[in-house]
Amino acid sequence: MASKGLQDLKQQVEGAAQGAVTAAGAAAQQVVDQATEAGQKAMDEVAKTTQETIDKTANQASEAFSGFGKKYGLLK
């Protein structure tokens, strides 16, 4: 009977260890998912800011060219 008790204890310990490994794996995956999401948000913000800068620069260039053209009679 003692070996049956030891076998049960061994199974309980193994089950608890497997549960801990599963929980640790899930926690690690959650960290990876959060880091991935944060990285994606950062890249989206960089893309948005870059596009806004390009748009502003294009508008400024267009206005400058328009002013230049009007000044020298190339545009009306």
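What radius of gyration does the chain have, and what would a compact globule of 76 residues have? The chain has 32 Å, whereas such a globule would be near 11 Å. The radius is taken over C-alpha atoms, and the globule rule is 2.2 Å times the number of residues to the power 0.38. The model is predicted: local features need pLDDT of at least 70, side-chain atom pairs count only at pLDDT 80 or more, and totals for chains, interfaces and linings use all residues. Residues are numbered from 1 along each chain as its sequence is written, and side-chain values use heavy atoms, without hydrogens and water.

The C-alpha trace spans about 105 × 10 × 5 Å along its principal axes. The chain holds one helix and zero strands (DSSP runs, numbered from the N terminus: H or I of at least four residues for helices, E of at least two for strands). Buried residues (under 20% relative accessible area, 1.4 Å probe, protein chains only) make up 1% of the 76 residues.

Two surface patches were computed. Members have over 30% relative accessible area and no salt bridge (a side-chain nitrogen of Lys or Arg within 4 Å of a carboxyl oxygen of Asp or Glu); like charges are joined within 9 Å, nonpolar side chains (Val, Leu, Ile, Met, Phe, Trp, Tyr) within 5 Å. L6, L9 and V13 make a nonpolar patch of about 300 Å². L6 lies in helix α1. L6 counts as exposed (over 50%) because its relative accessibility is 59%. D44, E45, E52 and D55 gather in a patch of negative charge. E45 lies in helix α1, residues 2-71. At 44% relative accessibility, E45 counts as partly exposed (between the buried and exposed limits).

Notes: Accessible areas come from the Shrake-Rupley method with a 1.4 Å probe; for residues, only the protein chains shown count as cover. Lys and Arg count as positive and Asp and Glu as negative; His and the chain ends are not counted. The place of a charge is taken as NZ of Lys, CZ of Arg, CG of Asp or CD of Glu.
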